[in-house]
Amino acid sequence: MEISSFPIFQEDYSSNFYSLIQEPDPNSMSITNTANKRPGVEMFCNEFGTDLLSELLGLDSQMEEQKAKKNVSPVHYTHQDSILESRNKRRSQKMDDSENYLNIVQNQDAFMGSNSGQSSYAKRTRTESYEVMTTSDDSTGGAGGSSQRRLWVKTRSKAWWEQVNSPDFPEEEFKKAFRMSRATFNMICEELEPAVTKKDTMLRLAIPVRQRVAVCIWRLATGEALREVSKRFGLGISTCHKLVLEGCSAIRSVLMPKFLQWPDGNRMEEIKREFEFVSGIPNVGGAMYTTHVPIIAPKINVAAYFNKRHTERNQKTSYSITVQGVVDPRGVFTDICIGWPGSMTDDQVLENSALFQRASRGVLKDVWVVGSSGYPLMDWVLVPYTHQNLTWTQHALNEKIEEVQRVAKDSFMRLKARWSCLQKRTEMKLQDLPVVLGACCVLHNICEMRNEDLNPELKFNLFDDEIIPVNNSRSVNAMHTRDQIAHKLLHHNLTGMNVM
């Protein structure tokens, strides 16, 4: 009999053997009685009896435990399921809290740039500090107190703005930052205060009016990215973008009717006298010019905004929108037309402008608007001679028209030099650009009217190719009138030329 092979026992034999061990009979288990014992049993009992009994007893106890487990009530498993369910609820709650935190951070910082920029930003935000604001709501609180809510607020430094806003900040540095004196800035804040003022909320204090206006003007003046604006003023990127658009909209609705409008009768007579004193040409009511502002390639109608002339000059694909303006002798805009695609020529932009519609209704009667060779000659538009082999009379008129035209061109140069956002492509949406460019023109007028000097370091070289229209003379009457003006200038010695 082998003792090492317990698994060879059949199930019925093993059960009988287990019962024999569990219920021994003293009369039949006497070791001295060897009459009924099989050969070798005595040796087995003496040498291996103790180990076998202990192993059999252990095996029996294991079988009893398995039977007990089979008879256990299902309540144990139900309790275990409830524990697992509570754990899952706690895990899902933690995941929801983390998602809410990430949403708050992402809503504070929009326009994050490329994927590489986003990854670097995510690494940086893990090292930056955050404040936890606790707000109470008495209306929802119980008898013992009020409920509280927690809000994550990113801490940002406002040291630069606090220094600039201080009365001790140097005037020259202030003018360098905002392209205007502190007095002009204060006047703009007073004018816009009713339109941009916001109320404090339960979560945070409203941004002051001066800071709102400063964010808008500094962004237009420097053309810096919104991330840099955020660092300077201690505000979120999305907040700065919102403040810029709100500020430009307020300038358009509040300041444009006061500082940019077509002159009335008395003012028009003053403008005519001033232009005639400069050029000798009578009835000049304004000088007209059209420039292009670069933009990022739009998602729709890309071909319409493609600027072929700038692309050939810069050897780089360029897209733009147009800004047409009429100025008085001081370089103040009296009419603007903004937003037409850059592929359009100057005469096409003019034909689609509100100025053209007013002239068609007879509003510009007895008034000349002087333009470059890119515009057609009409009853109210005076342009230079463009054909070859000019006479002395025609050449003399072209010089005088160029003097008037230079007033408009210099005004646009100061416009782009003062507001650097017009010099380079911006990330603003195409539908928001007319409002922003209109605000730049209004601020330009305010600075010109208040005699704000422009820093010579900000000088900008204006480049806009002029394409002569196919039909550059659209009025026979205008052709005769132009010849008469040229003849008068030459024979009354108003050309400034020494004709031999």
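Strand 4 is covered on both faces: Tyr319, Ile321, Val323, Gly325 and Val327 are buried on one side, and Ser320, Thr322, Gln324 and Val326 are buried on the other. The model is predicted. This briefing covers strand 4, its two partner strands and Arg358.

**Burial of strand 4**
- Strand 4 spans residues 319-327, and 9 of its 9 residues are buried.
- In a regular strand, side chains point alternately to the two faces of the sheet.
- The side of strand 4 that holds Tyr319 also holds Ile321, Val323, Gly325 and Val327.
- The other side carries Ser320, Thr322, Gln324 and Val326, which are buried as well.

**Pairing with strand 3**
- Strand 3 covers residues 284-295 and runs antiparallel to strand 4, with 9 bridges joining the two.
- Met288 has Val326 of strand 4 as its bridge partner.

**Pairing with strand 5**
- Strand 5 covers residues 333-341; strand 4 is joined to it by 6 bridges, and the two run antiparallel.
- Gln324 stands opposite Cys337 of strand 5.
- Strands 4 and 5 form a hairpin with 5 residues between them.
- Gly331 lies in the turn of this hairpin and has a positive phi of about 85°.

**Arg358**
- Arg358 belongs to helix 15, which spans residues 354-360.
- Arg358 counts as buried because its relative accessibility is 18%, and the cut-off for buried is under 20%.
- Leaving aside residues up to four places away in sequence, Arg358 touches Trp262, Asp335, Val363 and Leu364.

How values were computed:
Residues numbered from 1 in each chain as written. Predicted model: local features only at pLDDT ≥ 70, side-chain atom pairs only at ≥ 80, totals over all residues. Heavy atoms only, no water. Helix = DSSP H or I, 4+ residues; strand = E, 2+ residues; numbered from the N terminus. Buried < 20%, exposed > 50% of the residue type's maximum accessible area, 1.4 Å probe, protein only. Contact = heavy atoms within 4.5 Å. Pairing = 2+ DSSP bridges.
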